[in-house]
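Open the model in your viewer and get ready to click along. We will go from one selection to the next and look at what is there.

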Amino acid sequence: ASFPEIHKVPMISGQNAKFIVASLEAYKKGDRKHPTMRGIAETLSEQDMADIAAFYEQQVPPANVPETPARQPRAEVASLLEKGGCVACHGANFNKPIDGSYPKIAGQHADYLYVALRAYKVEGNPII
C-alpha cells in the first residue's frame, strides 16, 4: 500500500460494519480517491465487503475509550470541535456515532486524523 503522504493508516478494528461497507463501496465507485484502496475495493463483491466489515466490527479496538476524555482539549481545539459540531455525528467522546455510517474517531492516530480532516476540508476527498 502507498499513501500520498507518510502517516499511519486508520484503525478500523471495532468500527461499525455499516461504516466499513459504505467506505469500501465509495472506494469502489471512485467517490473516495485513495488509489490503493480503490484497487482493492474494485475486486470485492458485496458479500466480500459484508464479510470484511463484520470481521473488523467484531475486533476489539486497541484501546478502550472512556465515556469522557481523560483530559480536556485546549481552548482553541474545543472551539473548533464545537464549531464543527463533531459530537453531533460522532457522539459522546467521538466514540458513539449517532448512526453506524459515521466512524468512531476517538483513539485514531493523530497524524492520520490530521491528513483525513485536511482532505475533507481542502480537497473534499475522504480517505478513510
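How many of the ten residues of α4 are buried? Select α4, which covers residues 75-84, and colour it by accessibility. The number buried is zero, so α4 lies largely in the open. Keep this helix in mind, as the tour will come back to it.

**Stop 1: the whole chain**

Now zoom out. This is a predicted model, so a good habit is to colour it by confidence before looking at details. The mean pLDDT of the protein chain is 85, and 88% of its residues reach 70 or more. Select helix α3, residues 46-58, to see the element with the highest mean pLDDT, 97. Then select helix α6, residues 110-123, where the mean is the lowest among the elements, at 81. As a rule for any model of this kind, coordinates should not be read in detail where pLDDT is low.

Switch to a cartoon view. You will find six helices and zero strands, so to walk the chain from the N terminus is to follow the pattern α-α-α-α-α-α. Of the 128 residues, 29% count as buried.

**Stop 2: the largest nonpolar core**

Select A17, F19, I20, L24, Y27, A41, L44, M49 and A53, and show their side chains. These nine residues make up the largest nonpolar core. Which elements give two or more residues to this core? They are α1 and α3. Of the elements, α1 gives the most, with five residues.

**Stop 3: a histidine in a loop**

Next, select H34, in the loop between α1 (17-29) and α2 (35-41). Is H34 buried or exposed? Its relative accessible area is 7%, and because the cut-off for buried is under 20%, H34 counts as buried. Now add M37 to the selection. A polar atom of the H34 side chain lies 3.2 Å from the backbone nitrogen of M37.

**Stop 4: the largest pocket**

Turn on a surface. Rolling a probe the size of a water molecule over the atoms shows where empty space is left. The largest pocket has a volume of about 1100 Å³. To find it, select L81, C86, I105, L113 and L117, which are the closest to its centre of the 32 residues in the lining. The elements that give two or more residues to this lining are α4, α5 (86-90) and α6. The largest share, nine residues, comes from α6. Now colour the lining by class: 20 residues are nonpolar, eight are polar and four are charged.

**Stop 5: the second largest pocket**

About 660 Å³ of space lies in the second largest pocket. Select Q72, P73, V77, L81 and F94, the closest to its centre among 17 lining residues. You have met L81 before: it is also among the residues closest to the centre of the largest pocket. Which elements give two or more residues to the lining of the second largest pocket? Here they are α4 and α5, and α4 supplies the largest share, five residues. By class, this lining has eleven nonpolar, three polar and three charged residues.

**Stop 6: backbone turns with positive phi**

Most residues other than glycine have a negative phi. With that in mind, select N93 and F94. Both lie in the loop between α5 and α6. What is the phi of N93? It is positive, about 55°, although N93 is not a glycine. F94 also has a positive phi, about 60°, and is not a glycine either. Check their accessibility too: N93 is buried, with a relative accessible area of 15%, and F94, at 18%, counts as buried as well. Then move to G85, just after α4, where the phi is positive at about 65°.

**Stop 7: two residues far apart in sequence**

For the last selection, pick K8, in the segment before α1, together with D111. How many residues apart in sequence are K8 and D111? They are 103 residues apart, yet 6.7 Å apart in space, C-alpha to C-alpha. K8 itself is partly exposed, at 46% relative accessibility.

Notes:
Residues numbered from 1 in each chain as written. Predicted model: local features only at pLDDT ≥ 70, side-chain atom pairs only at ≥ 80, totals over all residues. Heavy atoms only, no water. pLDDT = per-residue confidence, 0-100. Helix = DSSP H or I, 4+ residues; strand = E, 2+ residues; numbered from the N terminus. 1 Å grid on protein atoms, 1.4 Å probe; cavity = no way out; pocket = protein on both sides within 12 Å on 5 of 7 lines; lining within 4 Å. Points joined across faces, edges and corners; volume = space filled by probe spheres on them. Nonpolar A, V, L, I, M, F, W, Y, C, P; charged D, E, K, R; others polar. Buried < 20%, exposed > 50% of the residue type's maximum accessible area, 1.4 Å probe, protein only. Polar contact = N/O pair within 3.5 Å; in protein donor to acceptor, adjacent residues only side chain to side chain. Core = buried A, V, L, I, M, F, W, Y, C linked by side-chain atoms within 4.5 Å.
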